[in-house]
Amino acid sequence: MTDIATRCIDIIAKSKSIPADSISLANTFDELNIDSLDKINISFEVEEAFNIEIPDEALSTLRTVGDMVEGVAKLTTAPAHITTP
């Protein structure tokens, strides 16, 4: 399992007070009893942990732990936006 997956699972486990080893990438958020408010709180933790910004519209598309890990991986490898004055 990748570092991103491990860290995401740890964040989910901590937020729901469940053992991390009981969570897999295939678990849906419904299976883990994660509602929309939980998902928002978890996304804040993930953003802070990885120093990324998850677009609000992306949250509604996340169905599984694997979806979240894949999204974080994409955001952490995306080139930084360069702004010029």
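# A tour from helix H4

Start by selecting Lys-74 and Glu-70: being four residues apart in helix H4 (residues 65-77), the two are separated by about one helical turn. Helices here are DSSP runs of H or I with at least four residues, strands are runs of E with at least two, and both are numbered from the N terminus.

What you have open is a predicted model, in which local features need pLDDT of at least 70 and side-chain atom pairs count only at pLDDT 80 or more, while totals for chains, interfaces and linings use all residues. Residues are numbered from 1 along each chain as its sequence is written, and side-chain values use heavy atoms, with hydrogens and water left out.

**Stop 1: the pair in H4**

Show the side chains of Lys-74 and Glu-70. They meet in a salt bridge, at 3.5 Å from N to O. The term stands for a side-chain nitrogen of Lys or Arg within 4 Å of a carboxyl oxygen of Asp or Glu. Side chains of opposite charge can pair when their charged atoms come close.

Are these two side chains buried or exposed? Lys-74 is exposed, with a relative accessible area of 54%, and Glu-70 is partly exposed, with a relative accessible area of 47%. The classes are buried for under 20% relative accessible area, exposed for over 50%, and partly exposed in between (1.4 Å probe, protein chains only).

**Stop 2: the whole chain**

Zoom out to residues 1-76. Over this range the chain is 59% helix and 0% strand, and the end C-alpha atoms lie 17 Å apart. An unreviewed UniProt entry carries the annotation "domain: Carrier" for residues 1-76. UniProt positions are given in the numbering used here, with feature names shortened, and annotations may be inferred rather than shown by experiment.

How many salt bridges does the structure hold? There are three, and the next stops visit Asp-3 with Arg-7 and Lys-16 with Asp-38.

**Stop 3: Arg-7 in H1**

Select Asp-3 and Arg-7. They form a salt bridge whose closest N and O atoms are 3.6 Å apart. The two residues are four apart in helix H1 (residues 3-16), so about one helical turn separates them. Arg-7 is partly exposed, at a relative accessible area of 30%.

Keep Arg-7 and add Phe-50. Arg-7 lies over the face of Phe-50, 4.2 Å from the ring centre. A charge sits over a ring if NZ of Lys or CZ of Arg is within 6 Å of the ring centre and within 35 degrees of the ring normal.

**Stop 4: from H1 to H2**

Next select Lys-16 and Asp-38. Their salt bridge has its closest N and O atoms 3.0 Å apart. This pair links distant parts of the chain, with Lys-16 in helix H1 and Asp-38 in helix H2, 22 residues apart. Lys-16 counts as partly exposed, at 25% relative accessibility.

**Stop 5: a patch on the surface**

Stay with H2 and select Ile-40, placed in this helix (residues 36-50). Ile-40 counts as partly exposed because its relative accessibility is 35%. Which residues join it in a nonpolar surface patch? Add Leu-37 and Phe-44: with Ile-40 they make a patch of about 300 Å². Patches are made of residues with over 30% relative accessible area and no salt bridge; like charges are joined within 9 Å, and nonpolar side chains (Val, Leu, Ile, Met, Phe, Trp, Tyr) within 5 Å. Accessible areas come from the Shrake-Rupley method with a 1.4 Å probe, and for residues only the protein chains shown count as cover.

**Stop 6: the loop between H1 and H2**

Select Ser-17, in the loop between H1 and H2. Ser-17 has a positive phi of about 55 degrees although it is not a glycine. At 68% relative accessibility, Ser-17 counts as exposed.

Now select Asn-33, also placed in the loop between H1 and H2. Its phi is near 55 degrees, a positive value in a residue other than glycine. Asn-33 is exposed, with a relative accessible area of 60%.

Ala-20 lies in this loop between H1 and H2 too. Add Ile-9: Ala-20 and Ile-9 are 11 residues apart in sequence and 6.1 Å apart in space, C-alpha to C-alpha. Ala-20 counts as partly exposed, at 28% relative accessibility.

**Last stop: Met-1**

Finish at Met-1, in the segment before H1. Met-1 is exposed, with a relative accessible area of 69%. Measure to Ser-24: the two are 23 residues apart in sequence and 9.9 Å apart in space, C-alpha to C-alpha.
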